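Work through the exercises below with the model open. Try each task before reading its solution.

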Amino acid sequence: MADRCTETATRPHGDRDSRMGADRAVGLGSPAEPRWRSAARPRAGTPRGRAAGRARSRLVAGAGLLVALAVAAVLVPWLGGLDERLVDYTAVRLPPSVAHPFGTDAQGRDLLLRGFAGLQVSLLVAAACAVVSTLLGALFGAASGVLGGWPDRLLMRVVDTVNAVPHLLLGIVIVALYRGSVLAVIASIALTHWTGVARIVRSEVLSLRERTFVDAAISGGASRWRVLRRHLLPAIVPQAALSTVLLLPHAVWHETALSFLGLGLPPHLASIGNILGEGRAAVLLGSWWIVTFPALLLVASALAVAGIAAWWRDRALPRRRSELGL
Amino acid sequence: MTPRTREIGLLVARRLVFAVPVLAVVAAGVFLLAAASPFDPVYQYYGVDVFTATEADLAATRERLGLDDGVFEQLGRWLSGVLSGDLGTSRAFRQPVAQVVAERLPWTLLLVSAGLAVAVGLALVAGTIAAWRQGGLFDRTVTAAGHAMEGIPPFVLALVAIAVFALGLAWLPVAGLTDAGAALSLGQVARHLVLPALVLGVSQTPWLVLHIRGSLLGALGEDHVTGARARGLSERTVVLRHALPTALLPFVTLLGTRIPELVTGAVLVETVFSWPGIAEAVVTAALAVDFPMLAALSVLATAAVLVGSLLADVAVAIADPRVVADG
Amino acid sequence: MTDTLVVDGLSVRFRLGARGRAGTVRAVTNASFTLRPGRLLALVGESGCGKSVLAAAITGLLPANAEVAGGVELDGRDLLDAPESVLRAVRGSRVGLVPQSAATHLTPVRRVGSQLVETVRALRPTDPDPRATVHRLAGDVGLPAEMLDRYPHELSGGTAQRVGLAAALAGDPPVLLADEPTAGLDRLLVDRSVDLLAGMADRGHAVLLITHDLRAARRVATDVAVMYASRIVEIGPAEQVFSDPWHPYTAGLLGALPDRGFTPVPGHPPELTALPAGCGFGLRRPDLHTCVPDPVLVWSGVRAVACEPVKAS
């Protein structure tokens, strides 16, 4: 190795870290902070632009939108004063105007009022479905986890089988055989969407069973029921609540599809799906507004709920993301 | 036969064996639902004539069709019918169920294949570019659009597409397989396939794009990509021939798990476009409470899901030498 | 081949968490050394003291949260601040990297041979027969030809290592960086691997061997640099440093060798997120060494040591 000492001494000091030369002579000295620069290079997959802060703004936008929609869904029909079911054959299929901001449908009904009334129905029905689905799934999953052994395996096979049937198809079959009531629609959605919740609750129960404190409690004389209440419920409830919120967009989607096909809610309880279904013929006659505005309401509410749910999911329970897969 | 081929063969065999009880359970489920249904099955048989039929006729028909027998007897009869190729008669279509299925299934397969091709094509291109320039304008647009469109049902897209392309611009036909009264020809079918296939494809794209993008971003952070870069390969080679192949492996499996959504999409798209496929038959059968048709279609749809999932797993086993094919 | 790689006061740190709020990892502090053709510099130290980061810094493959200071020059041309296009031209053709655990640095769904051919094609565009070149490279590193049809996960540790070396040599780069090529191999394979690298040095390449295996380093190194807690604490010709270590850490490492006493250095190196003042060894063995606040390498002839008074060479 050449004599590095002489090399360095004769090299001119550039704007490099001049500490090298100076301190070499002295041997000690207070460190001048070197000139740091980023080593990042533009490569495929390296992020450009800030990602931070975007998650929060999504939540705010989502929550704000949902609140606005919910308030509108309640207020607009009420403030409108008019019955959105009012049929007026002199105002059939009018394009949007000042008097009818969303236009009118094939029976002369104002679409703004009808749209929000329909949204109200859609959201209520979806909420009911989500709750029933969660309860069903939670019970199923808890039972499966608590029982263990072959009942557990059997129940999980049932879950796999239900999952193998396309949701809408099963829903259609159920509704076809029980047609005519809101209950049928709720049942059809609930009976097809409980499997995700069941899986999550079951895995939560299983992981709790592994924990020694459960065994300790049981051997200490606590009844199974008490263990269930004190330890299982606090773990399951937040998961279940999150599942309910995450199910809402799916329930709305499913109910809308059924109603669109004419298999869903009865016409006097019109939801967005019914409106879209009825509007289908009108579109062919050129009245584009009859489907556009209800569809916009639908998409907006789905986005809003999805945004909130996504934020909650990422914040509260990051490890469950893969399992939820809803 | 190489050991690998044998492994894959065993996987297929195992899955097929597992499929049989699942299908049987689904059939049983449908029969049970029907048994608890408030609809009297004899009405399905008679249709509107039920009001003019005499009591004796109704009773005789019930006897003949065995509608008073227990659920499991009916199920057993149906299952043995399936094994001999007789799936019952569809009232809504006035034809044997098997014939309806045979006539309509090919059209659905055509639509679904075309739609899937559109979806995969779009998603691959958009997802790759989005991951390549992560955080850039294209990526942010694609991600936002993907999330936004996940909530849009296919029939909304279909109606918008019809309004814009078929009615507004009059570029493409509105519905059906052929123009009214026209003979069945390749050109006719192709023209009528465009819009439904595009709508079905676009409706499945959002989820696919987001997954490809995520998968590719993950792959780009892995050691083997760094190794490829360290060897001095161009960025294009690194992304397309090292990162993308590994990123597509989980994607193929996930595609298999999305068959249910594809079936659902087909049901909605076929209905709006009056495409004469098997999925549209579901809706017709449901509206008419045509039980033999519903039972057959439920089992068929489940079979499709199982087969799709199996195909995806086989594809992964073939493509990825690391995977152990154990079903 | 007259290229020299000069590393001058290189420091590397990583910012953890968003905007560095979760802390900073100082992986390399003020490292300086030179790689010359025909010489093999062994960079030794215990695991976790930042050695592998050096290789990544030289080839411009640090992650996005890394920051650098100082300079790296190849034949007078700056590398550290060079744009990606320059770095891409340098990687593989002028600086070859043999990565740690070579099998995971190869794409799992493609055969090894295909990846080697691809590399040769990219780095030697005028080569009329890349396949033949690959076979020749395989022969050079002692890789059996039938291994070329295997997938990376099917290779044994030693075989994968050779593939890594063959890939690094594909562009015949004057500078070779070998990052822990001996990890996970048994002694015989270790000896064979480092002998291969020594052979490369004999052929005129400038070789950097990063390893925590002092025995292997002693076997082939012409020069050695000792790293502790992100700093180089001693550097010089291998013969001199190994026979007469100036820094107590070097002496400690040597003492851990089977033929020198088999006494490992007690304690652990400090965490790179909380580096102590000085070289850090004083906290670990206060009886042997007292640190100075800001240690720099002090030269005496061809050897240098940090944090210790220089002895007569």
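**Exercise 1. The A–B interface**

Task: find how many residues of chain A are in contact with chain B, and which helix of chain A gives the largest share.

Solution. Remember that this is a predicted model. Start with the count: 41 residues of chain A are in contact with 49 residues of chain B. Next, list the elements of chain A that give two or more residues to this side. They are helix 5 (149-164), helix 6 (167-177), helix 10 (224-260), helix 11 (272-284) and helix 12 of chain A. Rank them: helix 6 of chain A supplies the largest share, eight residues. Finish with the classes. The chain A side divides into 30 nonpolar, eight polar and three charged residues.

**Exercise 2. The B–C interface**

Task: count the residues on both sides of the contact between chain B and chain C, then sort the chain B side by class.

Solution. Here 19 residues of chain B are in contact with 22 residues of chain C. Two helices of chain B each supply at least two residues: helix 9 (223-230) and helix 10 (235-257). Helix 9 of chain B gives the most, with seven residues. By class, the chain B side holds six nonpolar, eight polar and five charged residues.

**Exercise 3. A glycine in a helix**

Task: is A:G307 buried or exposed?

Solution. Locate the residue first: A:G307 sits in helix 12 (residues 289-316) of chain A. Count its surroundings: 24 other C-beta atoms lie within 10 Å. The cut-off for buried is 20 or more. A:G307 is therefore buried. Now look along the sequence. A:L246 is 61 residues away from A:G307, yet the C-alpha to C-alpha distance is 9.8 Å.

**Exercise 4. A helix crossing**

Task: describe how helix 5 (residues 97-132) and helix 8 (residues 186-220) of chain B cross.

Solution. Take the axes. They come within 5 Å and cross at roughly 35°. Then take the hand: the crossing of helix 5 and helix 8 of chain B is right-handed. Last, sort the residues of this contact. They comprise 23 nonpolar, six polar and one charged.

**Exercise 5. The eight-stranded sheet**

Task: in what order do the eight strands of the open sheet of chain C lie, and which are the edge strands?

Solution. Read across the sheet of chain C: the order is 6-7-8-3-9-10-12-11, and the pairing is mixed. The edges are strand 6 (95-98) and strand 11 (297-300) of chain C, each pairing on one side only. Neighbouring strands of this sheet are turned by 20° against each other on average, direction ignored. Helix 5 (residues 157-169) of chain C packs on the sheet and touches strand 6 and strand 7 (175-179) of chain C. The direction of this helix makes about 170° with that of strand 6 of chain C. Now go to the other edge. Strand 11 pairs with strand 12 (residues 303-306) of chain C in the antiparallel sense, over four bridges. One bridge partner to check: C:L297 has C:A306 in strand 12 of chain C.

**Exercise 6. The partners of strand 1**

Task: how many bridges join strand 1 of chain C to strand 2 of chain C, and how many to strand 4 of chain C?

Solution. Strand 1 (residues 5-16) and strand 2 (residues 23-35) of chain C pair antiparallel over nine bridges. Within strand 2 of chain C, C:A31 is the bridge partner of C:L10. Turn to strand 4 (residues 66-74) of chain C. Eight bridges join it to strand 1 of chain C, again antiparallel. Within strand 4 of chain C, C:V68 is the bridge partner of C:V12.

Note on methods: Residues are numbered from 1 along each chain as its sequence is written. Chains are lettered from A and ligands numbered from 1 in the order in which they are written. This is a predicted model: local features need pLDDT of at least 70, side-chain atom pairs count only at pLDDT 80 or more; totals for chains, interfaces and linings use all residues. Two residues are in contact if their C-beta atoms, placed from the backbone, lie within 7 Å. Ala, Val, Leu, Ile, Met, Phe, Trp, Tyr, Cys and Pro count as nonpolar, Asp, Glu, Lys and Arg as charged, and the others, Gly among them, as polar. Two strands pair if DSSP finds at least two bridges between them. Axes are lines fitted to C-alpha atoms, for helices over the stretch in contact, and angles run from 0 to 180 degrees between N-to-C directions. A residue is buried if 20 or more other C-beta atoms lie within 10 Å of its own, exposed if 12 or fewer, and partly exposed in between; C-beta atoms are placed from the backbone. A crossing is left-handed if the near helix is turned anticlockwise from the far one by less than a right angle, and right-handed if clockwise.
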